[in-house]
Amino acid sequence: MQDYYRKRAPVYDASMQYDCTEVLPKHEPIVEHLAARLANRSILEIACGPGFWTGFLARSAREILATDFNESTLEEARKKELPSNVILRQADAYALPDFHRRFDACFAGDWFCHVPISKRRNFLEGLHARLAPGSLVIFCDQLPHEGSMAAGADSEGNNIQIRTLEDGSTYRVIKNFPTRGELENLLSRYATEAKVIHHADSRRYTVEYQLIGNRT
């Protein structure tokens, strides 16, 4: 996964059609929703990639610490000349460093879908340790479409996709599409309610919850 996104970084925006003027308007409703929900927050962003979502959220956020495992993706983000309230930092989402502070919000776009089922709770508990109780957490991922489930599942039930890069290299990538019930059940120990919203125009969903404490 890390190697795949490291190599994909220079073409990521184009491959997602984030540079397409005809596609961008479809994302406006979800961008407005995220910006409103995360306004005036100190946000810890996980797996920021080249910073597509970061740039939009920075318009209303108090500050964003945007992290990614790969320096190659952070280099692409730096080319965007993001606002001064954004700090980019290399970090492993499964072993987040001590930032010597706690944030009051977290955002991750197109990340949670890649977390293996067996690592979900460890990831969440490591993340929550970097957040203050009452923090707002929002994950934004893609809804399934035709061909999403074509490659089948691995031994623990993760959906596997076969992806090919421009150099011809092929990767098996975890891309899960958890149901509303699965998300609500997983997050019930950390929040009183997990709210799942489908954003049809952008073929995405958001799941958001307010952290009630760093419970294990």
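In this predicted model, the side chains of glutamate 76 and lysine 79 come together in a salt bridge, with an N to O distance of 3.1 Å. The two partners differ in their surroundings: glutamate 76 is buried, its relative accessible area being 17%, whereas lysine 79 is exposed at 60% relative accessibility. The assignment of glutamate 76 follows from the cut-off, because buried means under 20% relative accessible area.

A further set of charged residues is linked through common partners: Glu71, Glu75 and Arg78 form one network of salt bridges. Within this group, glutamate 71 pairs with arginine 78, and their closest N and O atoms are 3.6 Å apart. Glutamate 71 is partly exposed, at 41% relative accessibility, and arginine 78 is likewise partly exposed, at 37%.

Another salt bridge joins the side chains of glutamate 63 and arginine 101, with 2.8 Å from N to O. Glutamate 63 belongs to strand E2, which covers residues 63-68, while arginine 101 sits in the loop between strand E3 (86-90) and strand E4 (103-109); the pair therefore ties together parts that lie 38 residues apart in sequence. Glutamate 63 has a relative accessibility of 27% and counts as partly exposed. Arginine 101, with a relative accessible area of 33%, is partly exposed too.

The pairs described here belong to a wider set, as a search of the whole structure finds 10 salt bridges.

Methods:
Residues are numbered from 1 along each chain as its sequence is written. This is a predicted model: local features need pLDDT of at least 70, side-chain atom pairs count only at pLDDT 80 or more; totals for chains, interfaces and linings use all residues. Side-chain values use heavy atoms; hydrogens and water are left out. A salt bridge is a side-chain nitrogen of Lys or Arg within 4 Å of a carboxyl oxygen of Asp or Glu. Helices (H or I, at least four residues) and strands (E, at least two) are DSSP runs, numbered from the N terminus. Buried means under 20% relative accessible area, exposed over 50%, partly exposed in between (1.4 Å probe, protein chains only).
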